[in-house]
Amino acid sequence: MKERPYDIVIYIRRVALLASALVILLPASFYALLEVKVLGAQLETEGRAKAILVENHVARNDAHWQLRGSRPDALNDAVRAEVLHPAQACEMNFDQDDLHATLLGEVLPHTTSRLIDNQGAVVAEFIGDVRGWTIQRSMPIRVGDAVLGRIEIIDDINHILGTSLLIMIACSLLATGMYWILDRVPLAALHDSHARERAEIKRSLDMELKLRTAQERLADADRLESVGRLAAGVAHEVKNPLAIIRLGLDYLTRQAPAGDEIHEAVLTDLRDAVGRADRIIKDLLHYSRTRVQSRAPLDMNAILENALRLTRHNLDLRRIGVQRRLQEPLPTLNGDGEQLLQVFINLIDNAAQAIDHDGQISVSTRSAWVATESVADGMVAEGDTANAIEVAIGDTGPGFPDGDEDRIFDPFFTTKAAGEGTGLGLAVARNIVSWHGGTLTLRNNPEGGATAFVTLKLATESPNEADTRS
Amino acid sequence: MKRILVVDDEAAITRLIKLNLEAAGGYLVFTENKASRVIDAARTFKPDLALLDIMMPEALGTDIAAQLQDDPRLRHIKIIFLTAIARKGETDAGHRVGGQLILAKPVTTDELLAAIDTALAADKSAS
């Protein structure tokens with residue numbers, strides 16, 4: 001991805017922060033710096049033995065000391081090394097005249113290493129120590145109890161400190177300079193530009209989402225077209241036989257012997273069966289014809305009242321009361337009045353069937369605010385200027401099983417007893433609402449029962465409006 | 001006695017409508033299952049009202065209605081359409097085709113009788 005100015009500034013800031021941290025951490029690294037220093041030192045001996053440190057290479061985990069000097073007379077040939085520090089090892093070689101000792105391993109301050117002859121006498125001892133600004137390493141050369149001499153390596157760290165100070169000053173200057181520059185960078189503007197770029201990315205993602213939604217709608221529309229053609233064909237082919245059965249029932253009813261209850265019951269069952277078959281065909285036709293047919297300013301409260309009036313007989317039979325909480329006045333919205341009436345009839349019927357008998361349906365309307373980018377997600381929130389209307393139809397039934405939130409809108413999905421519904425009512429309702437550019441969701445209430453929420457945007461063009469006009 | 005011409009390509013439907021209307025009393029019913037013979041049947045039978053199925057293999061009921069309207073001797077015949085395509089709700093809402101009543105199948109005899117009465121009463125008030 002291309003780096004943007006805002007990202008670069010943020011990157012430089014991090015570098016400045018790192019430089020500041022280095023300034024703080026530098027003193028802590030003195031020991032490490034000192035240990036990689038190549039030192040040189042002179043060996044001073046007392047009398048009989050002379051030695052000179054000719055090579056000294058110390059790395060972090062490795063020390064290599066080489067001593068070369070006159071061989072002391074009393075020094076036994078066989079000398080073994082005893083290394084007190086576990087990381088150390090020692091090799092000793094004695095030439096005819098020279099002492100040549102090599103100590104391998106890490107030589108750290110406060111550690112001691114010894115060279116011991118085969119009689120147990122310490123021939124040489126190496127001590128690492130740090131005192132103040134100096135590092136002192138000493139190695140006395142012994143024969144028996146007598147100290148032959150001592151290697152003293154005293155390293156003044158001032159020059160190292162000087163270098164370190166220079167690095168510290170450079171880091172400080174770098175950090176200060178960066179902050180000085182960064183203080184003058186119009187970060188807000190950069191941030192705005194950054195925010196704009198992010199907004200553009202979000203917009204393109206939203207566009208993609210919308211495109212996908214539109215594609216899904218088109219797929220839905222294609223499916224509905226197919227269902228529509230199928231339904232029309234089925235309707236024609238099935239309704240004619242149904243007409244024959246119904247007219248035949250009418251004829252048989254007239255011919256039936258008066259008072260024959262069994263005869264009457266069979267005829268009633270047949271009539272009911274024809275009615276059910278007819279309802280399924282009717283709903284199937286409706287399901288496939290849910291495009292918005294016309295648009296006019298609508299009063300949702302009036303449509304809802306009309307739906308309640310048309311379903312009143314059903315509600316009365318089931319002894320179901322209606323509780324209204326309708327916002328007055330409610331803004332008008334453009335839509336197809338007949339189709340939305342069908343939505344509310346279906347939802348009220350669905351609520352009544354869920355209750356079965358003896359219960360309460362609550363019907364409410366209110367202005368709502370729907371996030372413009374998220375209409376498809378049905379995000380409804382309080383506040384700001386209302387841009388939608390929310391209609392809620394609740395019931396005191398048992399609610400629907402968990403996990404059925406989406407399946408409940410599938411055609412022919414039903415949780416009701418056979419004959420109670422065709423399984424198309426909610427599917428039809430959701431299609432109609434969807435073609436109006438709105439959302440229909442069904443949620444279980446915490447206190448029991450379920451509520452259907454229809455959210456319709458005000459004064460907007462539905463996704464299929466152009467399609468409908470064409 | 002009102003004369004009713006019933007036209008549908010389904011012979012069972014025309015037969016049962018005839019049986020039911022005549023059993024109800026006050027109607028003389030003639031049935032026709034061939035769209036091509038409807039105009040001739042109308043001229044011969046001289047019905048007060050024609051019940052026309054819309055979707056028939058040979059012709060649409062609406063086309064036959066137009067032919068009846070075009071013929072000065074048949075123009076007075078009231079028309080009720082029967083259809084298997086329209087939804088019940090649409091017909092209940094008083095939808096009409098070419099100003100004529102339309103009934104959705106499966107229709108009941110009571111619905112038929114009510115529609116026939118309505119159509120003929122309109123004829124009476126118009127005359």
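Contacts, cores and a helix pair in a predicted model

In this predicted model, 66% of the contacts in chain A between residues at least 6 apart in sequence join residues at least 24 apart.

User: What makes two residues of chain A count as being in contact?
Analyst: The test is that their C-beta atoms, placed from the backbone, lie within 7 Å. A:Phe344 is in contact with A:Ile303, A:Leu304 and A:Ala307, leaving aside its neighbours within four places in sequence. Therefore the C-beta atom of A:Phe344 lies within 7 Å of the C-beta atom of each of these three residues.

User: Which residues have the most contacts inside the largest nonpolar core?
Analyst: They are A:Phe344 and A:Ile348, in a core of 45 residues. The largest share of this core, 10 residues, comes from α7(A). Other elements of chain A that give two or more residues include α5 (261-288), α6 (300-317) and α8. The core draws at least three residues from each of domain 2 (191-289) and domain 3 (293-470) of chain A.

User: Why is A:Phe344 called buried?
Analyst: A nonpolar core takes buried residues, and A:Phe344 is in one. A buried residue has 20 or more other C-beta atoms within 10 Å of its own, so A:Phe344 meets that cut-off. Buried residues make up 29% of the 470 residues in chain A.

User: Which residues does the second, separate core include?
Analyst: That core has 39 residues, among them A:Leu242, B:Leu5, B:Leu16 and B:Leu82.

User: How many residues does each chain bring to the contact between chain A and chain B?
Analyst: Chain B brings 18 residues and chain A brings 19 residues. Helix α1 (residues 11-24) of chain B gives the most to chain B's side, with 7 residues. By class, that side has 11 nonpolar, 3 polar and 4 charged residues.

User: What describes the packing of two helices?
Analyst: Two packed helices are described by the angle between their axes and the distance between the axes. For helix α7 (residues 337-355) and helix α8 (residues 425-435), both of chain A, the axes come within 9 Å and cross at roughly 145°. The crossing of α7(A) and α8(A) is left-handed.

User: Which classes of residue make the contact of α7(A) with α8(A)?
Analyst: The contact has 8 nonpolar, 5 polar and 1 charged residues. Residues of α7(A) in the contact include A:Leu340, A:Val343 and A:Asp349, and those of α8(A) include A:Gly425 and A:Ile432. Asp counts as charged, so A:Asp349 is the charged residue here. Gly counts as polar, so A:Gly425 belongs with the polar residues.

Key
Residues numbered from 1 in each chain as written. Chains lettered and ligands numbered in written order. Predicted model: local features only at pLDDT ≥ 70, side-chain atom pairs only at ≥ 80, totals over all residues. Helix = DSSP H or I, 4+ residues; strand = E, 2+ residues; numbered from the N terminus. Axes fitted to C-alpha atoms, helices over the stretch in contact; angles between N-to-C directions. Left-handed = near helix turned anticlockwise from the far one by under 90°. Core = buried A, V, L, I, M, F, W, Y, C linked by C-beta atoms within 7 Å. Buried ≥ 20, exposed ≤ 12 C-beta atoms within 10 Å, placed from the backbone. Domains from an automatic or database assignment.
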